[in-house]
Amino acid sequence: MFIDLSKAFDTVNYNILIKKLHQTYGLNGTALQLFTSYLTNRKEYTVVNGAKSNCRNIACEIPQGSTLGPLLFIMYINDLPLCSKFKTILYADDTYLSLSHSSLSTLQSMVNHELLKVHDWMSLNKLSINYAKSMYLLTGKKIQSNLAEEFLIRLGNRQIKREQSVKYLGDIVDEKLNWSSHLKQIETKLAFASSVIYKTRNILPLNTLKLLYYSFAYTYLSYCVTAWGSATTSHLKPIHVKQNDILRNMTFSNYDAQVSPIYKRWNFLKAQDIYKLELTKLMDKFHNGLLPNIFNGLFQRSSDLHNYNTRYASNQNYFIPSVRSNIGKS
């Protein structure tokens, strides 16, 4: 479930925030007085065509445009995961909740029950939910059953709509977890990049064309690739084709020219190699404890399973679980 908040930064209550800074984070004395002074008794006015309005007190709102703004909002909302059994991921005002069960009917009851707690927490903290933009995905083997059509979720007194795909932090997540919707978006972006480079290749030097490539193509090929890069070959093929078209346009090559020598000559990475590079960097950070705490326990060392010197344990550091279904692999 993806919860959207209406004017999240503008509705933060000063008294609640100051109380949390004191009781939850242990601020007191001069430090607490400093934040209290910073947040309270703020005024604002508007100037239009030289006409100035009267000054009015700001009843709520985190001051924006400063480095403190996002930090204070995170501290304000950081206790939301404690109010329910949802697995909760917070990124500023983007809230993601997840819950699972083998029975759809039980899952529906659990979700609606836990959402009452989330709704109460939002009300107590004076945050407004944007019901029109809040939505949920239903994933798993049973989503094709008739029961899934009767799956209804309510937040407060409003029914939340079910979607087949949702855009979250720039990635489009779909209910089948095959990344088809997100890959179609990348394909569109790469087609645009190919068109821009084709139209400008006669007037721009190669170094500038490379800059266009990294600005209009590489950013989409590398963003969150550790998630969608494991998609099936059939879903990834259009991405590879579009990337090859871009390189042929840059180098004035024929549409059927071999692209491997071009990648090698200009030190460009193919899409599948970008995935391997970013995945290796991710695992290196995990191996050295450089990732956020939310990643703890995501991967299990082979040595933790047993101490036998098997071929499996000597060939890889981490255990890869065996799964039978395609949804499990995704």
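A residue counts as buried when its relative accessible area is under 20%. Glu175, at 10%, is therefore buried in this predicted model. Its salt-bridge partner is Arg162, with the closest N and O atoms 3.3 Å apart. Glu175 sits in the loop between strand S13 (171-174) and helix H6 (180-200), while Arg162 belongs to strand S11 (residues 158-162), so the pair ties together parts that are 13 residues apart in sequence. Arg162 itself is partly exposed, with a relative accessible area of 26%.

The whole structure holds six salt bridges. Another of them joins Lys117 and Glu114 at 3.2 Å, N to O. Both residues lie in helix H4, three residues apart, or about one turn of the helix. Here again the acidic partner is covered: Glu114 is buried at 4% relative accessible area, whereas Lys117 is partly exposed at 29%. A further salt bridge links Glu163 with Lys161, at 4.0 Å between the closest N and O atoms.

Turning to the interior, the largest nonpolar core has 41 residues, among which Leu5, Leu115 and Met122 touch the most other members. Contributors of at least two residues each include strand S1 (2-6), helix H1 (14-23) and helix H4 (104-124). Helix H4 gives the most, with seven residues. Beyond its neighbours up to four places away in sequence, Leu115 touches Met1, Phe86, Leu97, Ile153, Arg154 and Leu155. A second, separate core of 28 residues includes Leu190, Tyr218, Leu236 and Val259.

On the surface, Tyr91, Leu169 and Tyr223 make a nonpolar patch of about 310 Å². Tyr91 lies in strand S6 (residues 87-91) and is exposed, with a relative accessible area of 53%.

Technical notes: Residues are numbered from 1 along each chain as its sequence is written. This is a predicted model: local features need pLDDT of at least 70, side-chain atom pairs count only at pLDDT 80 or more; totals for chains, interfaces and linings use all residues. Side-chain values use heavy atoms; hydrogens and water are left out. A nonpolar core is a set of buried Ala, Val, Leu, Ile, Met, Phe, Trp, Tyr and Cys residues joined through side-chain atoms within 4.5 Å. Buried means under 20% relative accessible area, exposed over 50%, partly exposed in between (1.4 Å probe, protein chains only). Helices (H or I, at least four residues) and strands (E, at least two) are DSSP runs, numbered from the N terminus. Contact means heavy atoms within 4.5 Å. Patches are made of residues with over 30% relative accessible area and no salt bridge: like charges are joined within 9 Å, nonpolar side chains (Val, Leu, Ile, Met, Phe, Trp, Tyr) within 5 Å. Accessible areas come from the Shrake-Rupley method with a 1.4 Å probe; for residues, only the protein chains shown count as cover. A salt bridge is a side-chain nitrogen of Lys or Arg within 4 Å of a carboxyl oxygen of Asp or Glu.
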